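Colleague: Got a minute? I'd like to walk through this structure with you.
Modeller: Sure, put it up and ask away.

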Amino acid sequence: MLMFLDAESQFGSIPTHLLECYQDDLIILPMSMTTLIDLIRKIELNTDYIMDMRMVANSIMKRFWRDGIEKDPNIFPYPGMLTYTTAGFQSFKYSLVYSGLLPETGSTFPNESLSINERCTLHFILSGSVDPWERGDETQVCRDAALTWKQRRISYELTGVMKSACPIEKGVIWTDGFGTINAAHVIAAIAMALQPMQVTQLALIRNYNRAPSKLNFDKLIDNLWATTLSDICHNYLGDLAEVIVFQKPLTNNVTFGAPGKWNNTYLPTDYYMLADQFFLDCSCWQATDAEILGSIDGLILANEAVKWSDLMYSLKLSQLLEMYYTNIGGNFPGQIHVCNRRNYFFDNLKSQHDIIKQQTTNFAEILAAIAPHSFVNNQEYIEENIEEVYKRFMDYTAKTLWDEVSCPKFTTALPKLQLNVIYDSTWSFYDTLQFLSRLSSLVDVSIYGSRITVINGASGAIIVNSATTQGDLFFQWSNFTDPSKDVKSTNLVNGFLTLKTLVESSSNNTNGWSSNPSGIVTIVLGVSSSLTDEDFSNILSILKNIKNECPDMTFFYIITKSNIRTFNKFLLISKSEDDSIIITDTNNQDRILNDLGNFNKIPRMLIPSPCNGSKILIEQNFDEYVTPELIYIYRIHSSYLCSGNRTVTLKLTNYDYGSIDACVSRDSFTKNLKNAICKTVTHFDETEFNVNNTLETQDSSYKSIYLRVQGARSTRKCTEKGCRFPDQLRYTITVTGLKCVKDFQATCGSCQKKSDRFITLIIIFLSFFIYFCK
């Protein structure tokens with residue numbers, strides 16, 4: 001279904017297409033930059049609608065953005081009664097920008113590309129407002145402020161509802177290491193930079209009832225400045241202009257800020273504003289830290305979007321955001337990342353002092369005309385005070401922007417895993433979800449990265465089935481209604497049985513593991529587990545079957561010291577040399593995640609496909625993308641080699657996206673490339689590695705084959721849907737000389753070596769010969 005959009009500028013009513021988000025029983029995903037990028041990426045990958053970055057940015061703002069929606073404390077929540085209105089102060093600025101400065105897209109939003117929970121999450125991510133009313137949790141989330149506020153709050157009682165000591169700021173998202181930002185400021189700036197426009201003051205206020213004024217309204221408003229810096233430095237209606245028009249006439253104590261804190265940075269849902277008594281008394285939350293940072297990021301990204309979309313038309317909005325906030329990908333000349341935010345602001349924006357002042361003055365004149373309770377109706381007052389307000393803003397911003405940090409440099413690619421987690425009753429429902437969220441961030445659960453499946457160890461129920469985003473993990477976990485989700489038992493047998501079923505299904509599916517090179521890991525969260533002898537025997541048997549079916553699977557057992565003797569026996573199973581035990585006597589998640597180590601070391605598996613028909617020898621192709629300077633490690637496990645040809649060939653075919661360096665070795669590349677054979681594969685070139693697959697002696701064992709691929713130079717031509725970043729390099733790995741894997745049969749690695757099998761056959765033959773000759 002398509003949602004056709006019209007400008008909505010009335011105050012008081014929530015737009016019809018947003019009403020679905022104000023009903024009960026919706027699961028809203030975490031408020032994070034990761035969630036925002038994943039949702040935008042899902043829209044971009046919709047095959048039915050092709051939109052460029054400008055169209056995506058404009059369409060999601062038109063579809064989901066609506067500032068100023070807040071609860072009305074005078075409305076009692078009867079069934080079917082909507083308790084929200086658009087009476088928030090943000091509505092005035094929103095209305096001006098939405099109807100007059102935000103460009104039309106010329107297209108409709110693909111409504112069916114997102115579920116209702118995803119659509120409403122995007123709405124709440126983009127829509128700024130403040131919930132100022134007391135909730136009852138203040139003594140837990142802001143205890144000191146609540147105790148002080150309690151002595152004064154009776155003065156702010158309104159029909160029985162009181163103001164909170166720590167209001168909740170909405171429309172803000174958490175970023176990993178770089179503060180909380182207002183997301184709408186960022187996306188709106190990008191949208192307007194890609195379709196710049198200037199309108200007269202009169203055109204903006206034509207449809208508003210306004211008080212008599214001496215102003216001519218003939219000046220121009222620039223849509224980019226009106227949305228970003230002019231927008232963040234406001235104090236009543238939405239920008240620096242409001243500070244001059246509404247606050248300056250009343251007090252010399254011009255207020256910017258306030259800071260805040262999240263309920264939980266791993267599962268961010270509520271952002272509590274922390275401020276002093278003056279701030280709460282005057283409700284001066286129109287220029288928060290999140291809005292300041294969001295607008296600075298918006299100006300930077302607006303500039304980046306214009307520069308790089310001129311060089312690469314197919315640049316995507318999700319790519320622009322991810323490159324900026326992670327410091328990975330792009331490699332454009334002079335590319336700016338969030339870690340450069342402070343230097344960019346003071347080195348570049350300060351030089352645009354005159355533009356900022358002029359645009360603020362122009363916008364202030366409009367707001368003075370249309371907003372209620374305006375104290376200004378002449379230009380002279382605005383011009384006299386703009387310099388002081390601007391200076392105070394710059395001083396506050398200097399304190400808000402922390403010291404510059406060094407940009408991280410990545411040499412190893414983000415993990416790409418098929419991750420399974422079997423959990424017991426170690427933690428509560430919420431703490432387990434928090435651990436899973438942290439784990440999914442660590443292994444890059446995303447469309448281009450890892451997948452995660454979560455299994456209840458006691459019941460064997462699959463709580464989360466192959467989630468491809470962190471939001472999907474959160475939704476599936478929260479949406480699972482079976483009471484078995486909250487584990488009450490420490491028996492893990494059913495969990496391992498479910499894992500065995502999943503392994504068999506994936507191993508014998510042509511679209512399973514064999515078509516998607518990735519590492520495969522199972523984490524057994526068994527801190528509270530206590531295995532009986534029968535449990536141990538059952539799990540041991542199941543593990544042997546799993547290892548035979550999938551020798552690449554690596555296990556991490558998280559247990560206490562009391563269980564080490566039992567779990568150590570699991571490490572003695574064939575093909576368990578990469579498995580490990582993590583001992584913990586506490587529920588400290590930081591320590592457990594740290595002990596899990598670097599998942600980047602786990603190689604991506606190259607697995608022969610399942611047998612299909614009479615063809616035994618196969619040619620397997622894997623299409624892959626690598627970012628320049630990053631390294632991927634692949635492995636053909638020794639278990640797949642003993643039944644193959646005497647020579648296994650790995651061919652790399654490179655496309656016209658740049659050059660790559662490739663090395664092949666029988667060692668794991670954990671130390672050096674001393675014994676490796678390395679080659680550079682340039683544009684439209686291909687190379688082959690022929691690996692000897694015979695045993696040196698009868699007593700020797702087959703060794704795995706490792707392939708190392710590193711991105712070198714890029715021409716930034718990666719445009720298809722498989723490209724996470726525009727500078728990625730596409731290549732194809734072709735493996736020949738292996739035999740297909742038969743359904744439900746152990747891999748050849750579970751059998752004896754060829755020499756051992758030959759000797760065994762001779763012994764059997766002689767035994768029968770002696771028996772029949774008697």
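Colleague: In which helix do Arg591 and Asp595 lie?
Modeller: Both lie in helix 23, residues 589-596. They are four residues apart, about one turn of the helix. Keep in mind that this is a predicted model.

Colleague: What do their side chains do?
Modeller: The side chains of Arg591 and Asp595 meet in a salt bridge, at 4.0 Å from N to O.

Colleague: Why would four places apart suit a pair like that?
Modeller: An α-helix has 3.6 residues a turn, so residues three or four places apart point the same way.

Colleague: Is Arg591 buried or exposed?
Modeller: In between. Arg591 is partly exposed, because its relative accessibility is 45% and the partly exposed class runs from 20% to 50%. Asp595 is partly exposed too, at 36%.

Colleague: Which residues make a salt bridge in helix 20?
Modeller: Glu504 and Lys500 do, at 2.7 Å from N to O. They also sit four residues apart in helix 20, residues 493-507.

Colleague: What about Glu720, what is its salt-bridge partner?
Modeller: Arg730, with the closest N and O atoms 3.8 Å apart. Glu720 lies in the loop between strand 26 (705-714) and strand 27 (729-739), and Arg730 lies in strand 27, so the pair ties together parts that are 10 residues apart in sequence. Glu720 is partly exposed at 21%, and Arg730 is partly exposed at 22%.

Colleague: How many salt bridges in total?
Modeller: The count comes to 23. There is also a network of salt bridges that links Asp38, Arg41, Glu322, Asp444 and Arg724.

Colleague: Switching to sheets. What is the strand order in the open sheet with five strands?
Modeller: The order is 19-21-26-23-24, and the pairing is mixed. Strand 19 (604-605) and strand 24 (677-681) stand at the edges. Each has a single partner strand, so one side of each is left without a neighbour in the sheet.

Colleague: How does strand 19 pair with strand 21?
Modeller: In the parallel sense, over two bridges. Met605 has Arg635 in strand 21 as its bridge partner.

Colleague: And what about strand 14, how many of its residues are buried?
Modeller: Five of its six residues, which are 451-456. Strand 14 pairs in the parallel sense with strand 13 (residues 417-423), over six bridges. In that pairing, Asn420 has Thr453 as its bridge partner.

Colleague: Which helix is mostly covered?
Modeller: Helix 3, residues 90-100, has 10 of its 11 residues buried. Among them are Phe92, Tyr94, Leu96 and Val97, and also Lys93.

Colleague: And Leu293, where is that?
Modeller: In helix 13, residues 289-311. Leu293 counts as buried, because its relative accessibility is 3%. Its C-alpha atom is 7.8 Å from that of Gly179, which is 114 residues away along the chain.

Colleague: Where is there a nonpolar patch?
Modeller: On the surface, made by Phe76, Tyr78 and Met81, with about 370 Å² of accessible area together. Phe76 lies in the loop between strand 2 (70-71) and strand 3 (84-85). It is exposed, at 55% relative accessible area.

Colleague: Last one. What is the average pLDDT?
Modeller: The chain averages 82, and 82% of the residues score at least 70. Over residues 749-772 the pLDDT is below 50. It also stays under 50 over residues 1-10.

Key
Residues are numbered from 1 along each chain as its sequence is written. This is a predicted model: local features need pLDDT of at least 70, side-chain atom pairs count only at pLDDT 80 or more; totals for chains, interfaces and linings use all residues. Side-chain values use heavy atoms; hydrogens and water are left out. Patches are made of residues with over 30% relative accessible area and no salt bridge: like charges are joined within 9 Å, nonpolar side chains (Val, Leu, Ile, Met, Phe, Trp, Tyr) within 5 Å. Accessible areas come from the Shrake-Rupley method with a 1.4 Å probe; for residues, only the protein chains shown count as cover. Buried means under 20% relative accessible area, exposed over 50%, partly exposed in between (1.4 Å probe, protein chains only). Two strands pair if DSSP finds at least two bridges between them. pLDDT is the predictor's confidence in each residue, from 0 to 100. Contact means heavy atoms within 4.5 Å.
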